[in-house]
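The exercises below ask you to read a structure step by step, with a worked solution after each task. Please keep the sequence and the 3D view open while you work.

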Amino acid sequence: MSRFIALEGADGCGKSTQVDRLAAWLTEDGQQVVTVREPGSTSLGERVRAILLDGDEPLCSEAEALLFLASRTQLLDEVIEPALSQGKWVIADRFHLSTVVYQGLAGKLGEQRAVELCQVVLAERRPSLNIVLEIPADELMQRIEQRSQQSDRFESRPGLAERTVAAFATVVGIPGDRIIRIDGTSSADDVEAMIRREVTDVLR
Ligand code: TYD
C-alpha cells in the first residue's frame with residue numbers, strides 16, 4: 001500500500017497539524033489525497049470512537065483493542081482501499097502502531113498480543129510508511145494542560161503520557177513495518193520539511 005502513510009505519536013505531539021500540512025503539500029503537487037483519523041472517519045468508526053473515548057463505559061483490554069480494530073477494518077474497506085485503488089494518497093492520523101503502543105506496550109494487553117491481533121485483522125493492509133513524531137513527556141504534558149478540552153479515556157489514565165512516549169521510542173510494530181522517527185520538538189515548518197523528505201523517499 002505504497003501511497004498510504006500514517007502519522008503517529010503520543011497525544012499532543014502535533015501530528016494532526018502535520019497530517020493537514022502533508023495533505024496540502026501533496027494536493028498542491030496535483031495528487032489526490034484522502035485524510036482519515038483513527039478511530040473514526042466512517043459512520044461505524046465515529047460510533048465506536050464515542051464508546052472508546054467515553055471513560056465511563058466499562059471495557060476490558062481485549063474488547064478495547066478489538067473495537068479499535070473493528071473501526072480500522074471498516075475504514076480500510078470503506079475508505080482506504082477504494083482510495084488507494086483509484087491512485088489516491090491516504091494520510092492517516094494514527095493507525096495500527098497506536099494500538100501496539102496504547103493497548104500493547106503501554107496498556108494491559110501487552111505488545112505480543114496487540115501485534116498478534118493487528119496482524120490477524122490487517123494482514124498486509126498497512127501503511128508503507130509510519131512516521132512517529134517524538135516529543136519528551138514533560139513537554140507533552142505542558143501542551144495537553146494548555147488544551148481546554150476535557151480529557152478522554154486515554155488522556156485521563158495516570159502515567160500514560162510517559163508510557164506512550166517510551167513505547168513510541170521503541171515500537172517495532174508488525175514485522176515488515178517501516179517506521180521513521182522525527183524530532184517533534186522542532187518548529188512545525190522544520191517537522192513538515194523532514195516529513196516531506198521521508199515521503200519523497202517513498203516515491204522513489
Ligand atoms: P484522538 O482525539 O484522536 O487523540 P489525538 O488527537 O491525540 O490523536 O483520540 C484518540 C485516542 O485514542 C488517543 O488518546 C489515542 C487512543 N488510541 C488508542 O488507544 N489505540 C488506537 O489504536 C488508536 C488509533 C488510538
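**Exercise 1. Contacts to the ligand**

How far does a polar side-chain atom of Lys15 lie from an oxygen atom of the ligand?

Solution. Bear in mind throughout that this is a predicted model.
- Begin with the residue in the task: a polar side-chain atom of Lys15 lies 2.5 Å from an oxygen atom of the ligand.
- Continue with Asp11, where a polar side-chain atom lies 2.7 Å from a ligand oxygen atom, and with Thr99, where the corresponding separation is 2.6 Å.
- Then turn to the cover that the protein provides, which amounts to 92% of the 540 Å² of accessible area that the ligand has on its own.
- Finally, place these residues in their setting: 14 residues surround the ligand, and those that come nearest are Asp11, Lys15, Arg49, Arg94 and Thr99.

**Exercise 2. The shell and its pocket**

Determine where the ligand sits, and which elements give two or more residues to the shell around the ligand.

Solution.
- Locate the ligand, which sits in the largest pocket.
- List the elements that give two or more residues to the shell, namely α2 (43-53), α3 (61-85) and α4 (96-105).
- Identify the element that gives the most, which is α4 with four residues.
- Sort the shell by class, which yields seven charged, four nonpolar and three polar residues.

**Exercise 3. Backbone exceptions**

Find the cis peptide bond from Glu38 to Pro39 and the positive phi of Ser41, and state in which loop Pro39 and Ser41 lie.

Solution.
- Recall the general expectation, which is that most peptide bonds are trans and that most residues other than glycine have a negative phi.
- Set the bond from Glu38 to Pro39 against this expectation: the bond is cis, with omega near -10°.
- Do likewise for Ser41, which is not a glycine and yet has a positive phi of about 70°.
- Place both residues: Pro39 lies in the loop between β2 (33-37) and α2, and Ser41 is also found in the loop between β2 and α2.
- Assign the exposure of Ser41, whose relative accessible area of 28% falls between the limits of 20% and 50%, so that Ser41 counts as partly exposed.
- Repeat the reading for Ala123, which likewise has a positive phi, of about 50°, without being a glycine, and which belongs to the loop between α5 (111-122) and β4 (129-134).
- Classify Ala123 as partly exposed, because its relative accessibility is 39%.

**Exercise 4. Buried positions**

Is Glu64 buried or exposed, and with which residue does the Glu64 side chain form a polar contact of 2.6 Å?

Solution.
- Find Glu64 in helix α3.
- Apply the cut-off: Glu64 has 4% relative accessibility, which is under 20%, and therefore counts as buried.
- Follow the side chain of Glu64 to that of Gln103, since a polar contact of 2.6 Å joins the two.
- Compare the assignment with Val36 in strand β2, which counts as buried because its relative accessibility is 4%.
- Note the separation of Val36 from Leu140, whose C-alpha atoms are 23 Å apart while the residues are 104 positions apart along the chain.
- End with Ile135, found in the loop between β4 and α6 (137-146), which is buried with a relative accessible area of 4%.
- Record the separation between the C-alpha atoms of Ile135 and Gly14, which is 9.2 Å although the residues are 121 apart along the chain.

Definitions and conventions: Residues numbered from 1 in each chain as written. Predicted model: local features only at pLDDT ≥ 70, side-chain atom pairs only at ≥ 80, totals over all residues. Heavy atoms only, no water. Near = heavy atom within 4 Å. Polar contact = N/O pair within 3.5 Å; in protein donor to acceptor, adjacent residues only side chain to side chain. Areas by Shrake-Rupley, 256 points an atom, 1.4 Å probe, with all protein chains shown as cover. 1 Å grid on protein atoms, 1.4 Å probe; cavity = no way out; pocket = protein on both sides within 12 Å on 5 of 7 lines; lining within 4 Å. Sits in = over half its atoms within 2 Å of the grid points. Nonpolar A, V, L, I, M, F, W, Y, C, P; charged D, E, K, R; others polar. Buried < 20%, exposed > 50% of the residue type's maximum accessible area, 1.4 Å probe, protein only.
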